[in-house]
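Okay, thanks for making time, everyone. I'd like to walk you through a structure that's new to most of you, so let me put it up on the screen.

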Amino acid sequence: MFDWKQVRGRVMGVVNVTPDSFSDGGRYLEPEAAAAHGLELAAQGAAVLDVGGESTRPGAAPVDAAEETRRVVPVVRELAERTAVPISVDTTKAEVAAAALEAGAAIVNDVSAGRLDPAVLSVVADAGAGYVVMHMLGEPRTMQDDPCYGDVVREVGDFLCTRLAAARGAGIAPESLMADPGIGFGKTVDHNLALLAHLGELVARVRVPVLVGTSRKRFLGALTGVDDATARDDATLPTVVWSLERGAAMVRVHDVGRAVHAATVLDALRAAEPRAVGAVA
Ligand code: PMM
């Protein structure tokens, strides 16, 4: 049974095998290039490699299960053979999840939290795999059409608690679960900032390790004026440090080396802080 406590490190590296991801679309479409990129991220200290074959960019066209499987399985298989770093598959589909787990993935990262294809939950439970439950308002095609909340922090927390309960109800072990507020998934700049500002409350509430994915996202472009997503790694870095400081167990990033260095320096600062003596960094 997969247990997040056994994972060393706090940086999940993004390995997109998509022609249209907002952040690195098309760069690693060939399985060999994607796998080589994943190995590079592993060498930089990634704790998990997250392989995705369907873009979740706002307005992105859906991909069918056969095509998504064709994209991700060779990359998962190659990475599983060549690295001990656990592999997650970024999918909402039971069929794709099952094929990726069979090919050597250990975790399913589901941006729909089991709502788009509820059979994902039993696939994960049967495999004893890890499962990431993420909040998204609606679905990728429409999620950025005027997203609206009464209290975004409370509502995202409610959603995560409900979906974590559904996952446990389907037989997924509590130790295998991770929750993610879904930065940028049906959220304005202010919603994203509120979720990050109140991250400590969310962490305390969900009672499972929390993953945060801010890497290269549009709200960082809005804050800095940097339109090119691939040029947003500097803007990503403070959100990495902020998230880890406020209790995130893991951050999901494209630039693994930078995030690992930041986490290492953060640990040294925590260790040097008088009040932190004896605390586990
Ligand atoms: N963001 C993207 C895709 N998958 N999964 C999780 N758990 N959390 C996220 O924030 C997240 C995700 C956005 O797309 P990208 O792969 O191009 O960064």
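Before I point at any helix, one bit of vocabulary: when I give an angle, it's between axes, which are lines fitted to the C-alpha atoms, taken in their N-to-C directions and running from 0 to 180 degrees. And keep in mind that what you're looking at is a predicted model.

Let's start with the sheet. Eight strands make up an open sheet, and if you read across it the order is β6-β5-β4-β3-β2-β1-β8-β7, with parallel pairing. The edges are β6, residues 177–180, and β7, residues 211–212; each has a single partner strand, so one side of each has no neighbour in the sheet.

Take the β7 edge. Its pairing with β8, residues 250–253, is parallel and rests on two bridges. If you want a spot to click on, V212 sits opposite V251 in β8.

Now the helices lying on the sheet. Helix α2, residues 65–82, lies across β1, β2 and β3, and it runs at about 155 degrees to β2. Over by the other edge, helix α5, residues 152–169, lies across β5 and β6, at about 155 degrees to β6.

Next, zoom in on β4, residues 107–110. Are its faces covered or not? Both are covered: I107 and N109 on one side, V108 and D110 on the other, are all buried. On one flank, β3 runs parallel to β4 and three bridges join the two; D90 has N109 as its bridge partner there. To get from β3 to β4 the chain goes through helix α3, residues 94–102, in a right-handed β-α-β crossover. Then there's β5, which pairs with β4 in the parallel sense over four bridges, and D110 finds its bridge partner in V133. Again we have a right-handed β-α-β unit, built from β4, helix α4 (residues 119–127) and β5.

Okay, on to the side chains. How many salt bridges does the structure hold? There are 15. I'll show you a few.

First, R10 and D267, whose closest N and O atoms are 2.7 Å apart. This one links distant parts of the chain: R10 is in the segment before β1, D267 is in helix α10 (residues 256–272), and they're 257 residues apart. R10 counts as partly exposed because its relative accessibility is 22%, and D267 is partly exposed too, with a relative accessible area of 22%.

Second, K93 with E54, at 3.1 Å between the closest N and O atoms. K93 is in the loop between β3 and α3, and E54 is in the loop between β2 and α2, so the pair ties together parts 39 residues apart in sequence. Both K93 and E54 are buried.

Third, D233 and R216 meet in a salt bridge, 2.9 Å from N to O. D233 belongs to helix α9 (residues 233–245) and R216 to the loop between β7 and α8, so this pair ties together parts that are 17 residues apart in sequence. D233 is buried, and R216 is as well.

There's also a network of salt bridges linking D50, D90 and R252. You've met D90 already, as the bridge partner of N109.

Last thing, the cysteines. The disulfide count is zero. C148 counts as exposed because its relative accessibility is 59%, while C161, at 26%, counts as partly exposed.

That's my tour, thanks for listening.

Definitions and conventions:
Residues are numbered from 1 along each chain as its sequence is written. This is a predicted model: local features need pLDDT of at least 70, side-chain atom pairs count only at pLDDT 80 or more; totals for chains, interfaces and linings use all residues. Side-chain values use heavy atoms; hydrogens and water are left out. Two strands pair if DSSP finds at least two bridges between them. Contact means heavy atoms within 4.5 Å. Buried means under 20% relative accessible area, exposed over 50%, partly exposed in between (1.4 Å probe, protein chains only). A crossover is right-handed if, with the strands pointing away from the viewer, the path from the first strand over the helix to the second runs clockwise. A disulfide is a pair of cysteine sulfur atoms within 2.5 Å. A salt bridge is a side-chain nitrogen of Lys or Arg within 4 Å of a carboxyl oxygen of Asp or Glu.
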